[in-house]
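Welcome! Take a look at the structure below, and then let us work through a few exercises together.

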Amino acid sequence: MTDSMPAPSFGPVEFLAGGQSPEDVFGELEARRSHDVRWREGRAFSLAYYAGPEVAHVAEEAYRRFSGENALNTAAFPSLEQMQREVLGIVGQWLGANDDSAGFFTSGGTESLLMAVKAARDRARAEHGINTPNMVLPTSAHAAFEKAAAYFGVESRRIPVRSDWRADVPAMHSAVDANTVLIVGSAPQYPQGVIDDIPGIAAIAREYDINCHVDACMGGVTLPYLAKLGHTIAPWNLNVDGVSSISVDLHKFGYTAKGASVIMYATRKLRSYQIFITSNWLGGLYGSSGVLGTKSGGSIAAAWATLRHLGDEGYLRLTDSAYAATKLLANYITSDPRLVLRAKPEAMLVCFGASEEHGLDIFAVADELWRRGWYVDRQEPPRSLHCTVNAVHQLTIEAFTRDLARVIDYVVSTGAHGAAVPYGTV
Ligand SMILES: *Cc1c(COP(=O)(O)O)cnc(C)c1O
């Protein structure tokens with residue numbers, strides 16, 4: 001077997017009889033990443049976030065020191081309880097939490113969204129006797145909501161977005177019925193990067209006494225700092241009456257190690273529906289806050305350490321530079337007649353496609369960018385490229401726009417075609 005040929009899922013894999021020295025193992029690891037995207041060099045516009053070597057060192061070193069600690073039961077690890085509490089306290093300030101708010105640290109945006117749906121379902125069952133639950137959400141809300149619907153037996157009612165890609169609030173209102181347990185908005189939504197009308201959506205939740213989740217996995221860190229920098233931001237957090245929970249990913253614009261997100265509820269009572277407790281086995285009372293059982297202390301320590309290292313001013317500075325890069329990219333796209341910007345970015349997401357009259361295959365553009373070492377997301381409908389711009393791109397965005405222009409020249413002149421590539425892996 002050669003390195004360039006990935007093994008089929010259960011193909012022959014050599015299990016070394018005697019094992020290898022640490023040096024050889026690490027050498028092999030480094031060799032294997034040679035074809036991976038060079039995200040620390042600002043070449044990935046998806047999947048990875050980077051705020052420079054010092055911030056990365058803090059997160060990685062904290063992760064290393066606590067990787068074997070287990071947050072399944074913090075009775076044995078009071079340090080993890082304390083760090084989670086402090087992380088939630090700081091993130092709560094970004095989200096407009098008050099004294100009655102309460103949250104949990106989770107492994108990522110998906111777990112936060114799974115738990116938001118589970119909590120809404122269990123609340124409606126307990127308080128309103130609803131046993132055939134549905135949820136109402138715009139087509140722009142993240143795919144993880146579909147995963148939650150499938151896992152937890154909640155019907156997903158997807159409502160088409162308006163022409164400006166924002167949630168269609170009156171249409172969502174019409175889709176709500178007596179079995180609706182949850183209504184959703186995003187700040188911003190992932191595909192086109194715009195903020196939904198959260199007050200409009202939350203008002204429906206108030207009217208029906210159901211949960212309203214705001215998915216701020218992307219915006220939960222950047223929106224408060226954009227506001228501090230003087231940008232006008234539409235209302236999006238727990239200060240909006242009727243919002244019951246909100247999610248924010250620290251492993252995105254929090255610039256910490258992977259495996260870090262927060263779900264914050266408006267009240268302790270709302271949070272109580274997330275918890276799972278059983279004694280229906282031979283091992284005694286077992287309670288857990290989320291999907292995971294054993295939970296590495298590494299991601300908790302890394303999140304705490306990164307917040308501690310960057311402080312308020314660090315996040316302000318990183319948000320400022322990420323937004324400057326976002327604007328440069330959006331301006332380039334607006335200036336190139338062969339491209340259309342799907343929406344003016346309201347945080348750090350830039351989505352664009354080919355303008356109708358230029359016969360350009362936008363996925364072929366992604367292929368050619370990747371050949372030059374740039375990784376961007378592809379999405380549809382409509383066929384578009386999607387860039388998540390973060391602090392590292394301050395250093396590379398001009399080189400990227402120059403390569404983008406060259407790549408478009410090439411794709412137009414050759415008439416090349418490209419294929420869709422999924423955002424996840426099966
Ligand atoms: C990233 C993201 C998610 C999913 O989070 P994971 O960390 O990938 O599980 C959900 N919603 C939005 C808006 C996101 O940006």
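**Exercise 1.** Which residue forms a salt bridge with Asp312, and how far apart are the closest N and O atoms?

*Solution.* Keep in mind that this is a predicted model. The partner of Asp312 is Lys228, with 2.6 Å between the closest N and O atoms. This pair counts as a salt bridge because the cut-off is 4 Å. Next, place the two residues: domain 1 covers 62–308, while domain 2 covers 311–414. Across the interface of these domains the rule finds 2 salt bridges, along with 12 residue pairs in polar contact.

**Exercise 2.** Find out which helix gives the largest share of the side of domain 1 that touches domain 2.

*Solution.* Start with the helices that each supply at least two residues of this side: H8 (219–228) and H10 (297–335). Of the residues on this side, H8 brings 6, the largest share. Then sort the side by residue kind: 16 are nonpolar, 7 polar and 3 charged.

**Exercise 3.** Describe how much area is buried between domain 1 and domain 2, and which three residues of domain 1 supply the most.

*Solution.* First, the centres of the two domains, taken over C-alpha atoms, are 28 Å apart. Each domain puts 26 residues into the contact. Together they bury about 2,200 Å², and carbon and sulfur atoms give 63% of that area. Finally, look at the part that domain 1 buries against domain 2: Tyr190, Tyr225 and Tyr255 supply 25% of it, more than any other three residues.

Key. Residues numbered from 1 in each chain as written. Predicted model: local features only at pLDDT ≥ 70, side-chain atom pairs only at ≥ 80, totals over all residues. Heavy atoms only, no water. Domains from an automatic or database assignment. Contact = heavy atoms within 4.5 Å. Buried area = accessible area lost by both parts, 1.4 Å probe. Salt bridge = Lys/Arg side-chain N within 4 Å of Asp/Glu carboxyl O. Polar contact = N/O pair within 3.5 Å; in protein donor to acceptor, adjacent residues only side chain to side chain. Helix = DSSP H or I, 4+ residues; strand = E, 2+ residues; numbered from the N terminus. Nonpolar A, V, L, I, M, F, W, Y, C, P; charged D, E, K, R; others polar.
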